[in-house]
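Hi,

Here is the structure I promised to pass on. Have a look at it first, and my notes on what turned up are below.

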Amino acid sequence: MPGCADRLPGAGKPARTGAGAGTVGTATACPTPEPGDPLRRTADVAVVGPGVRSTQESVITSPTLSPLDEHRLDLPDARIDGRVARDVDLALLGLLPRGQRLGGPVAFGTTRPPTPASRVSAPLVSLELDAAVAAAARRGGGVVLRDEELTPLARLELDGADAHLDGAGTSSRPPAASGAARSGADAPTAPTGGADRAGATQEVVVGRLRRVREREAGQGRRLVVDTGSLWPETGRAVVVFGRPPVAGDREALDHALAGTDEAPDHHADHAVTAAAPTTPSMPSTPSTPTTDATRQPVLALVSDDPTAAVPTQVMLDVVRLWFDDLGLTDAQVRTAPLAWRDPASNAALAARLGSALGGSPTVFVDPDDGSRPARAWDRSWRALEAGDPAGDLGELSPRIAHRLQRWRPPRDRRGLVLMFSGLSGSGKSTLARDVGDWVATHSERTVTLLDGDVVRTMLSSGLGFSKADRELNIRRIGYVGSEIARHGGIAICAPIAPYAATREAVRGMVRAVGDFVLVHVSTPLEACEARDLKGLYAKARAGLIAEFTGISDPYEVPTDAALAVDTSVLSRDEALAAVVDLLRTAGYVPPRDATLPPAAPPFAGRGDRRAPATPATPTTPTTPATPTTPTTPATPTSTTTPED
């Protein structure tokens, strides 16, 4: 189908997630607080921020905590996304410019590096909020910022702070996302008085930020840099990794170890891009560039952003292997609360963090600088995404290539979440069942079907049909699907999934562990309503069902679907064939001419290839089996048995 191939994972640039400003919704009340616990009950929780909402996030420690005082229990809550949460950490450490919009691009024209004096107890920042929450924050004098787990991380105190920052109440959009955050793209956020993709008006507020509680969950939490690491008395080489290193990155490291700033493409803000190698290829295990007596210590930093192109734990392993290959076994490898965004902001963030950590110089292994190493990594990334064992991984050391291939195995073994999205009655559930049956019959892949109606009764029985509840239902499906993909299975789900931001959030969940393929079942509303198999459209037209997708609530047509299938035009077999062809072309199931495994017997579970085609002859209980003579090899099993 023309135009569909570029919607598959690995086609062109790596898939991106994020739908611009976070959507606004409600959440259930927080648990009743224990004595001394600053948690409190709340009814309205708004989701804010320009990035994909995510969980399991690390935090940089701060020495000062300010619990929620009794007289501030009337403050509204805002549920922030991962990017905003990380900027909260950086702001409280004094590493962001004054007035920085949390989650937005780093302020242009800000060149002064942070200093110990930059760290104040209540830094001045700005934040984009839902208009209703912004109004409540202005009335109450502040807002409590909660993460995905509803943990209160910080309090933004307004109290007239808007007057201390020019441009308050306006919203600028970050530039396009970079390769460092290839799974976290930005979409424009609306200025004051505008609306996000879900139709919620957004406003920017300005206030003083105060820590309430540290974040605790997330990969790499034990390795996160803390305040004791900032502004050391002696300098060191700080290497910030925006991508996995390749052989050509060694030259920049050579200069850093020598304490010089003379690598090519040196930026004035101390963000040093990896230089091109002087030879066409570099050895996998080069000698140490400087002696132990002359080189300075090394601190390597990896982003803890779960929406980054390469997950935190994989990056930690890769960086350790690279330093080990170089013989730098004493290099420290830590995590930092860096949420990648546009290339200019990424370089500025790396420079500011490196300066505060004593970088002399700071090397930023930049995926967007256009250097030879960056291009080499881009080729390697494409080969990994395609699952091509013969792909271009030549500039990765063998051990690093092996680690990355464990994370991104060939597609016929890689986990997959196949989502069918469409209106009620569009035929997505029927198509999902047909595809699941076909995959189980014609491949050895493990298949799990997560039908929207079944999930509603089993996993989300306590949810209603408000926008927030529908979003949460899709996120639950996405979470379960990502866990199936984590273990190499195929999860097929068929929810309505009407909101683009929620679909993108699911894509973000899956990216770290497998692939996500979206199929839009594009059957038009007229055909769906004419079918009305459950009588839901009639009830919605009569006003008996509120916020019904397609009638009283919008369906946001996917612009990133790998395939569109209209079941009012295609027959059931034709629709199935279209999806199967997509899966075959992408390599998730065997090609048409592949030898299929033997059919399972009728009693075997679907997808179970362990059961024999014919029952084995039982051993006579009274006659023990004759042991095999040690010097005589056992007779091999026939090549025609199902076990092969």
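**Notes on the model**

Let me start at one residue: Ala 131 counts as buried, with a relative accessibility of 18%, and the cut-off for that label is under 20%. You'll find Ala 131 in helix H2, which covers residues 131–140. Setting aside neighbours within four places in sequence, Ala 131 is in contact with Thr 201, Gln 202 and Glu 203. Ala 131 and Gln 202 sit 71 residues apart in sequence, yet their C-alpha atoms are 5.0 Å apart in space. Before you go further, keep in mind that this is a predicted model.

**Overall picture**

The protein has 644 residues, and 56% of them are buried. DSSP-style elements come to 14 helices and 17 strands. If you take the contacts with a separation of 6 or more, 79% of them are between residues 24 or more positions apart. About 27300 Å² of the protein is exposed, with carbon and sulfur atoms supplying 55% of that.

**Cores and a surface patch**

In soluble globular proteins, nonpolar side chains tend to be buried together. Here the largest nonpolar core has 45 residues, and Val 88 and Leu 209 have the most contacts inside it. Where does this core lie? Domain 1 (123–157 + 203–208) and domain 2 (238–257 + 295–407) both contribute residues, so the core lies between them. Not counting residues up to four places away in sequence, Val 88 touches Ile 80, Leu 102, Leu 145, Ala 154, Leu 209 and Arg 211. Apart from this core lies another one of 38 residues, and Val 302, Ala 376, Trp 377 and Trp 407 are among them.

There is nonpolar material on the outside as well: Val 454, Met 458 and Leu 459 form a surface patch, with about 320 Å² of accessible area together. Met 458 belongs to helix H9 (residues 452–458). Its relative accessible area is 68%, so Met 458 is exposed.

**Salt bridges**

Side chains of opposite charge can pair when their charged atoms come close. Searching the whole structure gives 29 salt bridges. One of them pairs Arg 146 with Asp 77, with the closest N and O atoms 3.2 Å apart. Arg 146 is in strand S4 (residues 142–146) and Asp 77 in strand S2 (residues 77–80), so this pair ties together parts that are 69 residues apart in sequence. Are these two partners buried or exposed? Arg 146 is buried, at 0% relative accessibility, and Asp 77 is buried too, at 1%.

Arg 243 and Asp 249 also meet in a salt bridge, at 2.8 Å from N to O. Arg 243 counts as buried at 1% relative accessibility, and Asp 249 counts as buried at 2%.

Then there is a pair within a helix: Arg 250 forms a salt bridge with Asp 254, and the closest N and O atoms are 3.4 Å apart. Both residues lie in helix H3 (residues 250–257), four residues apart, which is about one turn of the helix. Arg 250 is buried, with 13% relative accessibility, whereas Asp 254 is partly exposed, with 23%. Elsewhere on the list, salt bridges that share partners join Glu 385, Arg 408, Arg 411, Arg 414, Arg 511 and Asp 515 into one network.

**Backbone oddities**

Most residues other than glycine have a negative phi, and most peptide bonds are trans. Which residues go against that here? Trp 231, which is not a glycine, has a positive phi of about 50 degrees. Trp 231 is in the loop between strand S7 (201–211) and strand S8 (236–241), and at 24% relative accessibility it counts as partly exposed.

Ala 497 is not a glycine either, and has a positive phi of about 45 degrees. Ala 497 lies in the loop between strand S15 (490–494) and helix H11 (500–511). With a relative accessible area of 2%, Ala 497 is buried.

As for the peptide bonds, the one from Ser 360 to Pro 361 is cis, with omega near 10 degrees. Pro 361 has its place in strand S12 (residues 359–365).

Cheers

Notes:
Residues numbered from 1 in each chain as written. Predicted model: local features only at pLDDT ≥ 70, side-chain atom pairs only at ≥ 80, totals over all residues. Heavy atoms only, no water. Core = buried A, V, L, I, M, F, W, Y, C linked by side-chain atoms within 4.5 Å. Buried < 20%, exposed > 50% of the residue type's maximum accessible area, 1.4 Å probe, protein only. Domains from an automatic or database assignment. Contact = heavy atoms within 4.5 Å. Helix = DSSP H or I, 4+ residues; strand = E, 2+ residues; numbered from the N terminus. Areas by Shrake-Rupley, 256 points an atom, 1.4 Å probe, with all protein chains shown as cover. Patch = residues over 30% accessible without salt bridge, like charges linked within 9 Å, V, L, I, M, F, W, Y side chains within 5 Å. Salt bridge = Lys/Arg side-chain N within 4 Å of Asp/Glu carboxyl O.
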